[in-house]
Amino acid sequence: MTENAGGERQPKIRIDHLYFGYGDSQSSDYVIEDFSLDVFDRDFVCIVGPSGCGKSTLLNVIAGLLPATKGRVLIDGVEPAGPGPDRAMVFQDDAVFPWYTVEQNIEYGPRATGVPPARRREVVSKALSMVGLMDDRDKFPRQLSGGMRKRVDIARAMIMQPRVLLMDEPFAALDVMTKERLQEEFVQIWTPMRMTVVFVTHDLEEALYLSQRVVVMSRNPGRVECVVDVPLEQPRSLMVKTTSVFQDMRRDLAQVLRTMHGGLEAR
Ligand SMILES: Nc1ncnc2c1ncn2[C@@H]1O[C@H](COP(=O)(O)OP(=O)(O)O)[C@@H](O)[C@H]1O
Ligand SMILES: [Mg+2]
């Protein structure tokens, strides 16, 4: 744990009075307005909120792909100049290269950053078995199911050992069974590594199952509406979703979203 001079625990990510607008910087038309949040090392935070409230925008600002209009995002106390390998992104749509095999896709990052061949083979092989694609390593993306392509995406992000993993509705396009399997697999992959994760989803069960804290975002402007702690033991099996504690939390969260925008669901 890092501490600053004042002895205060330093967050991995500090979002500090962030404002973001897509228009010119003079514009008062902010998508994100006065958004502050600390995410600590090894935290798994989910962000939920109505469609268009600025969840993807927020992730892009954290990733350094969009500049803050006002306020700051600090990673380990430092404002990054732009995107970097310390912050990996996984999107809803696969980012796999269709002309590369599974193995070549996973190898892409280490190759691009100059990891020597012997070490590369080692980390790629580890990543392949981590996501259960060892036997499929020579296949091309078109030969894979949606869930398998998503596993390639996850392996591509994990192999870079980012300090921060940013995930934008990564499982939203999958059918329910595949989604649940990937949620469980992802928990198994994340638990021993425990990099800091900010995970956007509109699926409240997914948010409660995966995270330690759920941040509810409001829309127009995008702000922190409330933060809900998830006091369930980790790692969690999918069975936790059937418990009454879990279902009560889900109901309360849905209620927050319903009342927030006069009847809007979390989507
Ligand atoms: N490139 C863009 N240019 C202008 N407006 C945008 C752009 N991307 C998103 N927006 C607007 O910003 C708001 C937030 O979008 P987004 O971050 O995608 O929301 P969410 O991910 O929560 O659905 C929406 O009103 C959207 O129309
Ligand atoms: Mg989005």
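In what order do the six strands of the open sheet run, and is the pairing mixed? Select strands 5, 6, 7, 3, 8 and 9: that is their order, 5-6-7-3-8-9, and the pairing is mixed. Before going on, note that this is a predicted model, where local features need pLDDT of at least 70 and side-chain atom pairs count only at pLDDT 80 or more, while totals for chains, interfaces and linings use all residues. Residues are numbered from 1 along each chain as its sequence is written, and chains are lettered from A and ligands numbered from 1 in the order in which they are written.

**Stop 1: the six-stranded sheet.** Strands here are DSSP runs (E, at least two residues) and helices are runs of H or I with at least four residues, numbered from the N terminus; two strands pair if DSSP finds at least two bridges between them. Strand 5 (87–90) and strand 9 (223–229) are at the edges with a single partner strand each, so one side of each has no neighbour in the sheet. Now zoom in on strand 8 (residues 213–218), which runs antiparallel to strand 9 and is joined to it by six bridges. Pick valine 215 and you'll find its bridge partner, valine 227, in strand 9.

**Stop 2: the core.** Next, click valine 214. Its contacts (C-beta atoms, placed from the backbone, within 7 Å) beyond four places in sequence are Cys46, Val48, Ala207, Leu208, Val228, Val230 and Leu253. Val214 is also among the residues with the most contacts inside the largest nonpolar core, which has 68 residues. Such a core is a set of buried Ala, Val, Leu, Ile, Met, Phe, Trp, Tyr and Cys residues joined through C-beta atoms within 7 Å, buried meaning 20 or more other C-beta atoms within 10 Å of a residue's own. Colour helix 4 (residues 146–158) too: six residues, the largest share of this core, come from there.

**Stop 3: the three-stranded sheet.** Select strands 2, 1 and 4, an open antiparallel sheet in the order 2-1-4. Its edges are strand 2 (32–39) and strand 4 (70–75), each pairing on one side only. Five bridges join strand 1 (residues 13–20) to strand 2, and isoleucine 13 stands opposite valine 39.

**Stop 4: helix 1.** Show residues 55–63; the buried ones are Lys55, Leu58, Leu59, Val61, Ile62 and Ala63. Step just past the helix and glycine 64 has a positive phi of about 85°.

**Last stop: ligand 1.** Around it sit Tyr22, Val31, Gly49, Ser51, Gly52, Cys53, Gly54, Lys55, Ser56 and Thr57, each with its C-beta atom, placed from the backbone, within 6 Å of the ligand.

Methods: A residue is buried if 20 or more other C-beta atoms lie within 10 Å of its own, exposed if 12 or fewer, and partly exposed in between; C-beta atoms are placed from the backbone. Two residues are in contact if their C-beta atoms, placed from the backbone, lie within 7 Å.
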